Amino acid sequence: MTDRLDKWLCDRTTFSRKDVKAIIRSGRVKVNGETASRPDAHIGEADAVMLDGKLIAANQHIYIMLNKPKGVVSVSNAPDDRTVIDLIPDELRRNGLFPAGRLDRDTTGFVLITDDGEFAHRILSPRRHVVKTYTATLRDAIQNGYEHAFREGIVLGDGTKCMSADLVRTDDPRRVIVRLREGRYHQVKRMFASLGNHVTHLHRDAIGGLALDPLLREGECRVLIPEEVSKITEEEM
Ligand code: URA
């Protein structure tokens, strides 16, 4: 697969497409040792691209684990709101970052932020069933029959039947662990609403086989190493 040089660089740096074009025209970019002058030159997988003498890695996608606080929205851009992307420090910022999956404004916990559209598609695809694990705090204590109802597939208020899900009790009868393999809008809250209960707080603990790092405080994030990225897709239900 090939890409235009300006797009290729734009996807792997923090420069805008316009800046990248100017940078290329000023002779700061070399492809396979030769100064590149055309933004529309084609770049393939085997080409070595250098900017100001530094090699830019070809497949340099980034995967960031964020512990989302309340009050922050899970979109890339919202002029009137603080977004998960606003929480990414400058040194990790680059073009094309987006949250792979949404949490509600009042939900806390693990949000994966990446610039890798294919990977995001894989973990969000309903056909792949990457498990998302949540801790839900309930208004009313868990009742007998909840686990069975989750296993059988909860029917939501609009008639949608959910896939089988796990519900696990904790020492606190108002706190439960929920493991879902699909991601419908407000799903956890709607599942409990259809049982006549109400979720007062929701926190995402894990995506696939990767748990939120307990050392990350709310609002903090860090880059994942490749072994951690693989753990995300390891666990499919
Ligand atoms: N289910 C919800 O209801 N809200 C979330 O943020 C995530 C899952």
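Leu92 touches Ile62, Ile64, Leu97, Cys221 and Val223, leaving out residues up to four places away in sequence. Its spot in this predicted model is the loop between S7 and strand S8 (98–99). Even though that is a loop, Leu92 is buried, because its relative accessible area of 17% is under the 20% cut-off. The C-alpha atoms of Leu92 and Thr14 are 9.2 Å apart, with their positions 78 residues apart along the chain.

**The chain as a whole**

- The protein chain has 6 helices and 15 strands.
- Its C-alpha trace spans about 70 × 35 × 35 Å along the principal axes.
- Out of 237 residues in the protein chain, 43% count as buried.
- Take the contacts in the protein chain with a separation of 6 or more: 63% of them come from residues 24 or more positions apart.

**Helix H1 and what sits around it**

- H1 is mostly covered, with 6 of its 8 residues buried.
- Those buried residues of H1 are Leu5, Asp6, Trp8, Leu9, Cys10 and Arg12.
- The cover over them includes H2 along with several strands: S1 (3–4), S2 (29–31), S4 (42–43), S5 (49–51) and S6 (54–56).

**How H1 meets H2**

- Helix H1 (residues 5–12) packs against helix H2 (residues 17–25) at an angle of about 120°, and their axes are 9 Å apart.
- That angle makes H1 oblique to H2, because it falls outside the 65 to 115 degree range for roughly perpendicular and is not over 145.
- The crossing of H1 and H2 is right-handed.
- On the H1 side, the residues that meet H2 are Leu5, Asp6, Lys7, Leu9 and Cys10; on the H2 side, they are Arg17, Val20, Lys21 and Ile24.
- Sorted by class, this contact of H1 with H2 has 5 nonpolar residues, 4 charged ones and no polar ones.
- As background, an α-helix has 3.6 residues a turn, so residues three or four places apart point the same way.

**Aromatic pairs**

- The structure holds 3 aromatic pairs.
- One of them is Tyr63 with Phe119, an edge-to-face pair at 5.3 Å centre to centre and with 75° between the planes.
- This pair links distant parts of the chain, since Tyr63 is in strand S7 (residues 63–68) and Phe119 is in helix H3 (residues 117–124), 56 residues apart.
- Tyr63 counts as buried because its relative accessibility is 14%, and Phe119 is buried too, with a relative accessible area of 4%.
- Phe150 and Phe192 make a tilted pair, 5.2 Å centre to centre with 45° between the planes.
- Phe150 lies in helix H4 and Phe192 in helix H5 (residues 187–193), so their pair ties together parts 42 residues apart in sequence.
- Phe150 and Phe192 are both buried.
- Together with Tyr146, Phe150 and Phe192 form one aromatic cluster.

**Leu156, another buried loop residue**

- Leu156 lies in the loop between helix H4 (146–152) and strand S11 (166–169).
- With a relative accessibility of 3%, Leu156 counts as buried.
- Setting aside neighbours within four places in sequence, Leu156 is in contact with Cys162, Arg184, Arg190, Met191 and Ser194.
- Val223 is 67 residues from Leu156 along the chain, and their C-alpha atoms are separated by 36 Å.
- Val223 also turns up in the opening lines, as one of the residues that Leu92 touches.

**Two backbone spots to look at**

- Asn32 has a positive phi of about 50° although it is not a glycine.
- You'll find Asn32 in the loop between S2 and strand S3 (34–35), where it is partly exposed, with a relative accessible area of 45%.
- Asp52 also has a positive phi, near 50°, in a residue other than glycine.
- Asp52 is in the loop between S5 and S6, and both of those strands are among the elements that cover the buried residues of H1.

Terms used. Residues numbered from 1 in each chain as written. Predicted model: local features only at pLDDT ≥ 70, side-chain atom pairs only at ≥ 80, totals over all residues. Heavy atoms only, no water. Helix = DSSP H or I, 4+ residues; strand = E, 2+ residues; numbered from the N terminus. Buried < 20%, exposed > 50% of the residue type's maximum accessible area, 1.4 Å probe, protein only. Contact = heavy atoms within 4.5 Å. Axes fitted to C-alpha atoms, helices over the stretch in contact; angles between N-to-C directions. Parallel < 35°, antiparallel > 145°, perpendicular 65-115°, else oblique. Left-handed = near helix turned anticlockwise from the far one by under 90°. Nonpolar A, V, L, I, M, F, W, Y, C, P; charged D, E, K, R; others polar. Phe/Tyr/Trp six-rings, centres within 6.5 Å; stacked < 30°, edge-to-face > 60°.
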